[in-house]
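Dear colleague,

I am handing over the structure below, followed by my notes on what was found in it. Please read the two side by side.

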Amino acid sequence: MTIQLSNVRGATIDPGISQEYKGIRAPGTYFPGVITAGSFRLDGEWVFWDVHNPTKAIVIQLADERYARLVIQVDDPRAAVALIEGAIARS
């Protein structure tokens with residue numbers, strides 16, 4: 001998946017998001033406590049998930065893309081969010 005930086009609105013650390021309702025899988029996989037992956041439709045928006053460990057999840061807010069949000073697992077959430085937020089600030 002490739003997203004233009006101009007369409008990235010921000011990124012946050014949100015390990016609690018894994019406890020929230022995901023929406024309707026279309027297609028996707030959801031095994032509570034194990035994996036959430038794929039496309040989910042929630043409140044009229046598409047959200048892409050790829051998370052095994054919720055403590056390493058970040059949420060990337062998008063505009064003008066198929067997905068309104070990406071919820072993804074990264075090795076270092078603080079560093080990833082800082083990198084994304086820094087890139088947005090410089091653009």
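In which strand is Arg 69 found? Arg 69 is found in strand 6, which covers residues 69-73; strands here are DSSP runs of E of at least two residues and helices are runs of H or I of at least four residues, both numbered from the N terminus.

Before going further, please bear in mind that this is a predicted model, in which local features need pLDDT of at least 70 and side-chain atom pairs count only at pLDDT 80 or more, while totals for chains, interfaces and linings use all residues. Residues are numbered from 1 along each chain as its sequence is written, and side-chain values use heavy atoms, with hydrogens and water left out.

As to the overall fold, the protein has one helix and six strands, and from the N terminus on these elements run β-β-β-β-β-β-α. The radius of gyration (over C-alpha atoms) is 13 Å, which agrees with the value near 12 Å for a compact globule of 91 residues, the globule rule being 2.2 Å times the number of residues to the power 0.38. Along the principal axes, the C-alpha atoms fill a box of roughly 40 × 25 × 20 Å.

Buried residues make up 40% of the 91 residues, where buried means under 20% relative accessible area, exposed over 50% and partly exposed in between, with a 1.4 Å probe and protein chains only. Of the contacts (heavy atoms within 4.5 Å) between residues at least 6 apart in sequence, 39% join residues at least 24 apart.

To return to Arg 69, this residue is buried yet has no salt bridge, and the nearest side chain of opposite charge, Glu 45, is 5.0 Å away; a salt bridge requires a side-chain nitrogen of Lys or Arg within 4 Å of a carboxyl oxygen of Asp or Glu. In counting charges, Lys and Arg are positive and Asp and Glu negative, with His and the chain ends not counted. Leaving out residues up to four places away in sequence, Arg 69 touches Ile 17, Leu 42, Trp 46, Val 47, Phe 48, Val 59, Ile 60 and Gln 61.

Ser 39, which lies in strand 3, is buried, with a relative accessible area of 7%. Beyond its neighbours within four places in sequence, Ser 39 is in contact with a set of residues that includes Trp 46, Val 47 and Phe 48, and these three are also among the residues touched by Arg 69. The contacts of Ser 39 further include Ala 26 and Pro 27, which are joined by a cis peptide bond with omega of about -15°; Pro 27 is found in strand 2, residues 24-31.

Some backbone and loop positions also deserve a look. Asp 43, in the loop between strand 3 (35-42) and strand 4 (45-51), has a positive phi near 55° although it is not a glycine, and this residue is exposed at a relative accessible area of 75%. Asp 64, in the loop between strand 5 (57-62) and strand 6, likewise has a positive phi, of about 60°, without being a glycine, and counts as exposed at 69% relative accessibility. Gly 33 sits in the loop between strand 2 and strand 3 and is exposed, with a relative accessible area of 83%.

With best regards
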